[in-house]
Amino acid sequence: MRAWFIMFAMLFVQFTVQSQQCKSVITGVVTDFHDKTPLVRASISLIGKSDSVFYTDENGFFKIPNLCNGIYELEIYHAECQTAFMKVDLDTNLDLNIPLEHHLEELEEVKVTGNKITKTNSAMEETLELKTIEQYGSASLGDALKEINGVSSLNTGANIVKPTIHGLSGSRVLVLNNGVRMQDMEWGAEHAPNVDVNAAGSISVIKGASALQYGGDAIGGVILIEQNRFLKKDSIFGKTIVTGILNGRGGKINTDLIKTYKNGWFIKGQASYKKLGDQEAPSYVLSNTGVNEIGASLHFGKENFTSGWRGSYSYFNTEIGILSASHIGSVDDLIRAINDDEPTVIDPFTYDIASPRQEVTHHLGKFKYYNRFEGLGKLNVQYDFQNNRRFEYDVRTGDDKFKPSIDLELTTHALTSDFKWDAKSGFDLTVGVMGRYQNNFANPDTGVRRLIPDYDKYDAGIFSVMKLSLDEDWKLDAGLRYDYSKIDAKKFYRTSRWEERGYDEDFSDIIIRETESSQYLTQPIFDYHNVSATMGVNYSTDNQHSMSFNYALANRAPNPSELFSDGLHHSAARIELGDLRITSETSHKASLSLIKNGDWGYTLEPYVNFINDFIYLEPTDVEYTVRGAFPVWEYHQTNARILGLDLSLYANWTDHWKTDHKFSLTKGKDTSEDEPLINIPAAHIRNKISYNIPWKNLEVGLESKYVFKQNETPADIYVYSPEQGEDVLLEINTAPAAYHVLSLNSGMDFKFDKSTLTVNLIATNILDVSYRDYLNRLRYFADDLGRNIILQFKLNY
Amino acid sequence: MKTTIKLLSMLAFAGIVLASCSDDDDPEEVNEEETITTMTVSLTPDAGGTAIILKSEDSDGDGPNDPEITVSGNLVANSTYSGSVTFSNVTEDPVEDITEEVEEENTEHQLVYVHTGAISEVYNFDTDDDGNDLGLSFDLDTGDAGEAALQVVLRHEPTKPNDGSLSGVGGSTDFSASFAITVE
């Protein structure tokens, strides 16, 4: 459990030369930086001057007698501390006070194997290693996260992947990119996080709302994408990853370069580019499923132990084609799509991306400053800025052919600050505040009525979280948070819709005026006050076994989509209606973790989540338009219960052979209506066998994934088919059959003088199985991806 | 470093204030231009006389109100009618004629006619630039007296040429209306 870190502390003491006699004495006290307690048996040696080593006594006191005047360099070492170096110019007796950093978890520069640093003591947390992140570098964040048990994804095709934690996604999952809460229109089911996986140093998932420092509304959980800290030494290094992807006939290139200095300065630049053409299902081309993606980031700053700052900027741009066959104009098109085995449009392979498609650009800028106070703690102050611009192009005609149907610009400023008291060993208390302003602008030039209106949103939060070690075995944590949120929108409603919703009775006071084309301009202003809290306990008697229990109360204010949606959603052939009356939803989640590590180990994590006033979309009715009849989906609130179990097992059979087994089960129920919740991931089992040897770090793994059929789905609905002239059953909720896919990954390292070349070969869906997944919104139209082979070269230098 | 913090917070607040006061104006209203609110089918008897007008109009577009469907009169049994169809958007002032757009992009459109009951045939369609059926004008034959239904569907990006059935035509629906007609 001992780690070695390097820190250079420079102390310049000004003296004038008075004598040359060797009778000077250095005395001093070595203490803990945080709580000022004396450190016993710290060693002090004079580098290059003497072989003698001096030790501190029980009061942390030391004395080095009979020294000549001159310049000395001291090395101060204490077990479990950072070794300190100190330069002194001695010309008379000198008394020193030497604080040493005694809290290892503060030094996140190197994460020591087996001593994982967690954000909470008791919540269910899991971290992806850099190696895994690199392997998924050519895929999306959501794909990488599926390595973590209990995390699945809500897809729109293969390129739009929204992470789902314990059956919940969207606004219920917070994504913190480099300490900044992503504001990238996460409310939409077809809006994926705008994050370049390659820019991440580590990715962690906290399943549930227990990490209150990040937000009080993480009913699903929190995804933390973090940067690595850099060692303070003069160095320059980097890596380049080139990936070839067979399915889609494209690839990705990513490169980064880091320069560090021993005085704490650093700069890191990173850039990536990805291009894919149409991808393919086993028996046909998935037309219009190409991707273009550009990511770049720059980090720079000066970080020392006592204080530091960091500036970051990242850019992400993606253009994603959406399966041509998924464009539907009427309910009959949808009926046809569901009944047909093949998509209605199959064109030859192309790299061109046509409509429907999305084009999204995200800018993120951040400046963070921290200062540590001796014997007290650490202060963080952060300002961040985000700009998210989203264009969605539908299949349109005439003059509007090249105009987007959706053009939204979301701008967010946030200022956060927290202070962490860690002076007392085994006790951390963090108190923080957050202020955020957000503006959404919906461009009217689209010529399409706005799906999301213009709005200003103001958020403020205050929180306190605590971690406490009672003794060697028992640890506690607790937290409390309050969030205030205000949304001030300006929205046009058709007068017919306004009356149909009954708003003329409840909201007549928010109408500003009526326009010539029978629309009301309204100004809805809503306030939400939310309290969240968490408490948990962890018990572990040795390094191998641990048990924890956590309870989290979370409240989430409705998002703009849930409040304001109003219109026909072409990709789903349905009319989606928000409701101004929707209130915050409240979740009570309890989870238990049992963990064993060693040659073989397991993690067993059952949980239950009761959500009151759960906000969800459900089919209610049918409305007739000139294009035919469309099912109406309305946002409603109900009480829901999600039960689940994540189980993972591993065994190291020999030094070379290892097996991993994972099982995840989620059951969601609408307890008010006594029927299943929609979009709950089906149970699945993954089994993996891997072989590795030290020779070239060779590793080969074969994984089997079996996904059961989701048997618990809401009832299908009946709609009137104008073509068939009668009501027909629309099997919109029926889940696809179970499926089984095999994948292989293998890798080798080749070491050169100053660099390492890693070659990875990954194959997914090896048997080229045709399947559809319940959580893919395009499952009505086409099969999922067929076989894919990915060859990756990584050069570290 | 204190000055850094001050500077930072000032910057942050400046950003917030600037962004906040950027616009207090009301957003611009959007009127969907490409919307088709109205389809009018005129059936003129070849034997002479007043045309029968079939009309479907939904002025609130995708709003909650159902389209209003009107049929101006009954058809005569065992006769031939010349039919023509127009599309318009009545929410525009003046009313926008969408028929022109369909004619301009005639290869990307097709009207499909589904009939039951006392209508015996719909045929003799006008053609697009490639010589395939367009369907803005047509002939209609009635059979013996009785009830009939005529569904008229405007399809966008159809598969051409085709057999004239809805499934054969494919594409996506721009407008669809069903008329209940009495043949006497």
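These are my notebook entries on a predicted model with chains A and B.

**Entry 1: ground rules**

I count residues from 1 along each chain as its sequence is written, with chains lettered from A and ligands numbered from 1 in the order in which they are written. Since this is a predicted model, local features need pLDDT of at least 70 and side-chain atom pairs count only at pLDDT 80 or more, while totals for chains, interfaces and linings use all residues.

**Entry 2: confidence**

I checked the scores before anything else. pLDDT is the predictor's confidence in each residue, from 0 to 100. Chain B averages a pLDDT of 85, and 86% of its residues score at least 70. Where in chain B is confidence lowest? I found that spot in helix H1 (residues 2–20) of chain B, at a mean of 52, whereas strand E8 (residues 137–142) of chain B is highest, at 96. Helices (H or I, at least four residues) and strands (E, at least two) are DSSP runs, numbered from the N terminus. I also noted that pLDDT is below 50 over residues 17–23 of chain B, and that this stretch has six contacts in the model beyond near neighbours in sequence. Two residues are in contact if their C-beta atoms, placed from the backbone, lie within 7 Å. For the complex, the predictor gives an ipTM of 0.77 and a pTM of 0.84.

**Entry 3: where A meets B**

I looked up how many residues each chain brings to the contact: 53 come from chain A and 45 from chain B. On the side of chain A that touches chain B, I get 19 nonpolar, 19 polar and 15 charged residues. My classes are these: Ala, Val, Leu, Ile, Met, Phe, Trp, Tyr, Cys and Pro count as nonpolar, Asp, Glu, Lys and Arg as charged, and the others, Gly among them, as polar.

**Entry 4: the domains of chain A**

Chain A is divided into domain 1 (6–102) and domain 2 (226–796); the bounds come from an automatic or database domain assignment. The C-alpha centres of these two domains of chain A lie 52 Å apart. Still, nine residues of domain 1 of chain A are in contact with ten residues of domain 2 of chain A. Which strand gives the most to the domain 1 side? I found strand E1 (residues 6–8) of chain A, with three residues. By class, that side of domain 1 of chain A has five nonpolar, one polar and three charged residues.

I then checked the UniProt record, an unreviewed entry, which places "domain: TonB-dependent receptor plug" at residues 127–222 of chain A. UniProt positions are given in the numbering used here, feature names are shortened, and annotations may be inferred rather than shown by experiment. Over residues 127–222 of chain A, I read 11% helix and 30% strand, with the end C-alpha atoms 12 Å apart.

**Entry 5: strands in chain A**

Two strands pair if DSSP finds at least two bridges between them. I saw an open sheet of five strands in chain A, in the order E9-E14-E15-E12-E13 with mixed pairing. Its edge strands are E9 (124–128) and E13 (180–181) of chain A, each pairing on one side only. Strand E12 (residues 173–177) of chain A pairs with E13(A) in the antiparallel sense over two bridges, and A:Leu176 stands opposite A:Arg181 there.

Further along, strand E16 (residues 235–245) and strand E17 (residues 250–260) of chain A pair antiparallel over eleven bridges, with A:Lys239 opposite A:Asp256. Their hairpin has four residues between the strands, and A:Gly248 takes a positive phi near 115 degrees. E17(A) also joins strand E18 (residues 265–276) of chain A, antiparallel, through ten bridges; here A:Thr255 has A:Ala271 as its bridge partner. In the hairpin of E17(A) and E18(A), A:Gly264 takes a positive phi near 105 degrees.

**Entry 6: strands in chain B**

I followed E4 (residues 80–89) of chain B through its pairings. Eight bridges join strand E1 (residues 38–45) of chain B to E4(B), antiparallel, and B:Leu43 stands opposite B:Gly83. E4(B) pairs antiparallel with E8(B) over five bridges, where B:Ser82 partners B:Asp139. A hairpin joins E4(B) to E5(B) through six residues.

Last, I found an open antiparallel sheet of three strands in chain B, ordered E6-E9-E10. E6 (109–117) and E10 (172–183) of chain B are the edge strands.
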